[in-house]
Amino acid sequence: MTQAHKRFLSFFAFILIALFSGIALLEKIYFAIYMSGGILPDLTSIAMYVTAGIALLLVVFTNLKPDIDNKPIFIATLVSILYCYLSVIISNYYYGKDIIAPLLHLSSIIILILLLIYFVNTRCLAGLLLVLHVIVLLVGVLQLSGFVKLSPLYPVTSIFLNSGDFGNYMACMLPIVLLSYHQQKKLRFVIIIIVALTVFLILYSAARIACVATVMILFIYLGGNSYLKRIPLNLRLALMMGCVGIIAVLYYIKPDSVRGRILIYEVCIEMFKKSPLVGIGLYQFKSSYNNAQSFYLSRHQDHPYSIYGDNTYTAFNEGLEMLVEIGIIGLVSFLAVVYFAYRKAVKQEDSKEKQLASAGLAAFFICALASYPLKNIFICISLAYYGKLLLYSHPVIPLLNSRRFLVIPGCMLTVVLLYSGIRNFRDQMIWKQAAQAVVNNEWKYAKVLYNKVPSLFSNGDFLYNYGTELSLHENHREGQQVLSIARRYVSNSELYIVMGYNEATLKNFKLAESYYMQAIYIVPSKLRPKYQLFNMYRIIGDTTNAIKWAKIISSTPEKISTPSRKAMIDEVNIFLNRIRK
């Protein structure tokens, strides 16, 4: 392969990643501005399938030699990948879920990681990440200044839904900005401003774990400079203790958030105990956690933090979530990859690039302790960049040196990925049309559209939406069937409330009661599931239970005051007053 050929492949791979990142960025900006914009296609996932399909052609038609020095990393990575595939296949088969969609999703992620690490030029990737960071930073500044109105709940969020996501992203990108200060000497003044704004917005967002990560980055960065080494050890220790004190204060700013996480960790530990070696299965956390929380709180009704229970789809700790999903065996296999990569990295010559890559990875691991940075596409791309810097662009997953072995299965997978991406886009656009038809009171037409997208019958959000619409249009039995499938893919209090309503309408009151109780223990502080159960008892004439739940509703501590909450409490109080008379 000539140098010109390699440069072309690298440029083509960079264009693919840039387009994929651009689509993900535009989608996030749209949702940040129009949070109630209705159902839209999941463009990021669709773009991931298409990008992975095209990228796979680069792999199968390029005769790459394996990196002999990385054999331990290769073996550990291969074991991890095979374990993930087995986990997806076995767990989805066990739970009666579709297997193909998660396998394609996992394959797309692996292909994109391979593309980032092997093909994309390091400097080009750094430039792309810097541009993305500047755009996110500018949106944050515009939000702070009042020119752009985004989330009313948080001080600054930029393109993200909450300040925690924003802070994690900014902290993980800070080392890239600091590195550009050393590489782009003509732009140093501009980069200093970017660094200052980045640190300011992290602190202003009050994202506590991001503040911790930022402190760690600055210590690692300044620790490599000679003037810091001249500071006496006692003073350095005092500075570190001062930073720890500031972090402790930041945590007490949001004590409710800390208590909510403690509850989540307790439930996750209980989930882990049930299958410690192999876990519940990759991609199963979203559909399993809320059920586990309901079960846990139903047996610990006096739990001091039960009021902080809510619909939850992540463990707020990446290591703990991995432990729950893939167990000790899976986590050990991933840690083996990290260990062998680290062992290779420390043998490389020290440099500013290596120092800041270490800072970036340290920031990621800190954020992963109390958040979910792996759910952020841009942070994942930055991880690949830091890995390239530490390993001097060596591939983490070396390829077999035989194109004939890869061409046929590779081309077949390319076709499947491209077809899946295009089909998903088409079906999600039909879903959007169906939702719009419901708004326009065209239910018969909407139902025809809902049934035209069989590929989405493994999408929990689609199934919940369709099942709810069937229920609202008096198709309770059919709606219950769809929702019963939906609960395999996603579980939350709203789903169980609708299922309870269906069973109550069908006069299966015992089943309705069980679904309402399931919802109650997922969100103990919310009144709606309790009110629905109270209302069912009132309608069927079970006065004893109606009075019991009316008293529970009126005594439930207020977490967030809303007009609907006030209306429910007023109605319950009227009922109780009438009974007393």
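**Figure 1. The whole chain, with 48% of its 581 residues counted as buried.** Here, buried means under 20% relative accessible area, exposed means over 50%, and partly exposed lies in between, with a 1.4 Å probe and protein chains only. This is a predicted model, in which local features need pLDDT of at least 70 and side-chain atom pairs count only at pLDDT 80 or more, while totals for chains, interfaces and linings use all residues. Residues are numbered from 1 along each chain as its sequence is written, and side-chain values use heavy atoms, with hydrogens and water left out. The protein chain holds 24 helices and zero strands; both are DSSP runs numbered from the N terminus, helices being H or I with at least four residues and strands E with at least two. Contact means heavy atoms within 4.5 Å. Among contacts between residues at least 6 apart in sequence, 72% join residues at least 24 apart. The chain exposes about 28500 Å², and carbon and sulfur atoms supply 66% of that area; accessible areas come from the Shrake-Rupley method with a 1.4 Å probe, and for residues only the protein chains shown count as cover.

**Figure 2. The largest nonpolar core, with 81 residues.** A nonpolar core is a set of buried Ala, Val, Leu, Ile, Met, Phe, Trp, Tyr and Cys residues joined through side-chain atoms within 4.5 Å. The members that touch the most others are L115, L125, V136, Y169, M170, F378 and Y385. Helix α6 (residues 163-183) provides the largest share of this core, 11 residues. For a look at one member, start from F378: beyond the residues up to four places away in sequence, F378 touches S21, A24, L25, K28, L129, L132, I159, F160, Y169 and M173. Another core, of 48 residues, lies apart from it and includes A446, Y450, A519 and A546. In soluble globular proteins, nonpolar side chains tend to be buried together.

**Figure 3. The kinked helix α13 (residues 318-346).** Its 29 residues have end C-alpha atoms only 25 Å apart, short of the 42 Å that a straight helix would reach at 1.5 Å a residue. The expected span is 1.5 Å times one less than the number of residues. A kink of about 115° is centred on G327; the bend at a residue is the angle between axes fitted to the seven residues ending there and the seven starting there. At the start of α13, a side-chain oxygen of N317 comes to within 3.1 Å of the backbone nitrogen of G319.

**Figure 4. Helix α20 (residues 493-505) and what covers it.** The end C-alpha atoms of α20 are 18 Å apart, in agreement with the 18 Å that its 13 residues should span. Of these 13 residues, 10 are buried, among them Y496, I497, V498 and M499. The cover over the buried residues includes α12, α18 (460-472), α19, α21 and α22. N492 caps the N-terminal end of α20, with a side-chain oxygen 3.1 Å from the backbone nitrogen of E494. After α20 comes K507, which has a positive phi near 65°.

**Figure 5. Q480 of helix α19 (residues 476-486).** Q480 is buried, at 6% relative accessible area. Its side chain makes a polar contact of 2.9 Å with the side chain of E503. A polar contact is a pair of N or O atoms within 3.5 Å; within protein, one must be able to donate a hydrogen and the other to accept it, and residues adjacent in sequence count only if both atoms are side-chain atoms. Setting aside neighbours within four places in sequence, Q480 is in contact with V498, M499, N502, E503 and Y515.

**Figure 6. P524, in the loop between α21 (509-522) and α22 (528-540).** P524 counts as buried, at 14% relative accessibility. S294 is 230 residues from P524 in sequence, yet their C-alpha atoms are 9.0 Å apart in space. Outside its neighbours within four places in sequence, P524 is in contact with L297, S306, G309, K530 and T556.

**Figure 7. Two loop residues with positive phi, S158 and Y283.** Most residues other than glycine have a negative phi. S158, in the loop between α5 (122-145) and α6, has phi near 55° and is buried at 0% relative accessibility. Y283, in the loop between α11 (255-274) and α12 (285-298), has phi of about 75° and is partly exposed, with a relative accessible area of 28%.
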